[in-house]
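Please look through the sequence and the structure shown here before reading on. The text below then goes through some parts in turn.

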Amino acid sequence: MPLRAPRRLLLLQHLLLLDFASAIITDVAGSPLEHPATFSSTASEFNISLTLQRYLYSGPNGLQQYTRAFNGELAGPTIRLKPGDTLHLTLTNSLESELFDTSTLHNQIKDFDVTNVHTHDLHIHGNAPGDSIFTEVHPGESYTYTYNIPSNHQGGTFWYHPHHHGSTAIQAGGGAAGMIIVEDDPTLLPATIAQLPELILVMAHLDMPTLRNIALTYETNCRNAGGTAAQCDENTWSDGPVSGTQINVVLINGMYQPVLQMAANRWYRWRMVFAAVNAVLEPSIPGCEVKLLAKDGVYLSSAPRDITAGYMVPGNRADWIVRCPAGTHELSSADIGGGKGGGGVAFTQLLATVEATDQGDAECSLPTFSIKRPCFLVDLRNAAVQQTVTFDLGPAPQINGVTFESKTTYAASIPMMILWMSPFSQPTPPHGDLYNPLCRVMVWFITLRLFIMSRLW
Ligand SMILES: *[C@@H]1O[C@H](CO)[C@@H](O)[C@H](O)[C@H]1NC(C)=O
């Protein structure tokens, strides 16, 4: 593995090569919402590339902050797939190598230059070259994933992010995330629903002070493992901003408080993902009508349903159908006590402004429908419980008294199927995949622990 070039040289490289020019306006609030770049399925087998790289984010009030992001944007490209597709995703790691190898640390913040991609909630195989979170892509390396999307995959909203144990929070929490859309089978949805115009909202909580603390913890861990201060310099978050003041905000598609332009009285489908490490979002948009269509890529059994606010923990997705009367409306998150999991205080922020302009639309009503679910999404809430699993979430998290020491430690003792049949779906829903329970339970468990303990691996 090549070692990182000396710092001064790197800065020079950055000046010469420039960081990828940003297509989306990120430094001015109030700009019209732009969508991330899109990779669309062109054939039943298609190839795309993601590159994780150091990226200079330009925020409001002159803020400039280095982070790690895919393809030079704070919201990675949207990937649109169809059931039955085979996707080859080549991930290239363009991060700098650590000067001191922290890979021997265990269950600690480490390996900031190692990455991979996890397709959160897709019902695909968990073994390499599929969605294995044990795949490691080191600096200078490329790796090609092959995802076979089952032909009975339900259409829905999913997302992807790095999920290497030790660097997930700094990479995904720093904005390395994007949306995955599995296209609907149009014959399964009422035409009025299938034809709704869409807004893509990758809502990323960019908590810069916390990310900086994670980076400082990395440096401490690295020094404790024997590295010198110079070798352990994290060189992205630990240095703080290049200019301006760090912020703790939720961005939409990398944009701070964008303007969502909609035709008044017209229904829109909003696809939302909450990419975050340890926050809760309770979005609402007073004055507009909001209906919940799907949660976490799964249509409600009777959809859509009227709601007044959403409740999203890290990784949640929500598909809303929204209609606004002419005028200006505010999409905000506030702590209004939603959710059932006791998930914590919701983040308070104006997320976006909606400008609805009259374009002559007459109001139309929407049908309520029930979609036939594939077998892997059957409702198990009333299934008989065969066995119970005990979770101990801290300070050393355990499942059935077993601590995560390696990928094999959990395998022996845990009745995996039971986990997936459990109604234990708050605050973080299980990932819907039974192919490789070991991978899945780890992902799920780590996410759960992240959320509950706010302990950032
Ligand atoms: C797509 O990726 C696969 C797997 O890496 C490879 O075999 C194939 O040649 C690629 N196709 C194109 C058109 O690049």
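**Two sheets and one loop residue**

In this predicted model, four strands make up an open sheet with mixed pairing, and their order is β12-β20-β19-β14. The edges of this sheet are β12 (259–263) and β14 (283–284); each has a single partner strand, so one side of each is left without a neighbour in the sheet.

The partner of the edge strand β12 can be looked at in detail. β12 pairs with strand β20 (residues 349–357) in the parallel sense, over 5 bridges. Which residue of β20 is the bridge partner of Val259? The partner is Thr353.

A second open sheet can be read in the same way. It has 4 strands in the order β3-β2-β5-β7, and its pairing is mixed. Here β3 (64–70) and β7 (142–148) stand at the edges, and because each has a single partner strand, one side of each is left without a neighbour in the sheet. From one strand to the next, the twist averages 20°.

Inside that order, β2 stands beside β5. Strand β2 (residues 45–58) and strand β5 (residues 86–93) are joined by 8 bridges and run in the parallel sense. One pair to find in the structure is Ile48 with its bridge partner in β5, Leu89.

Now turn to a residue in a loop. Ser44 lies in the loop between β1 (38–40) and β2. Is Ser44 buried or exposed? Ser44 has 12 C-beta neighbours inside 10 Å, and a residue with 12 or fewer is classed as exposed, so Ser44 counts as exposed.

Exposed does not mean without contacts here. When neighbours within four places in sequence are left aside, Ser44 is in contact with Gly84, Asp85 and Thr86. Ser44 can also be compared with a residue far along the chain: Asn148 is 104 residues away from Ser44 in sequence, yet the C-alpha atoms of the two are 9.9 Å apart in space.

Last comes the chain as a whole. It contains 7 helices and 23 strands. How many of its 457 residues, as a percentage, count as buried? The share is 42%. Contacts can be sorted by separation in sequence as well: of those between residues at least 6 apart, 78% join residues at least 24 apart.

Terms used
Residues are numbered from 1 along each chain as its sequence is written. This is a predicted model: local features need pLDDT of at least 70, side-chain atom pairs count only at pLDDT 80 or more; totals for chains, interfaces and linings use all residues. Two strands pair if DSSP finds at least two bridges between them. Helices (H or I, at least four residues) and strands (E, at least two) are DSSP runs, numbered from the N terminus. Axes are lines fitted to C-alpha atoms, for helices over the stretch in contact, and angles run from 0 to 180 degrees between N-to-C directions. A residue is buried if 20 or more other C-beta atoms lie within 10 Å of its own, exposed if 12 or fewer, and partly exposed in between; C-beta atoms are placed from the backbone. Two residues are in contact if their C-beta atoms, placed from the backbone, lie within 7 Å.
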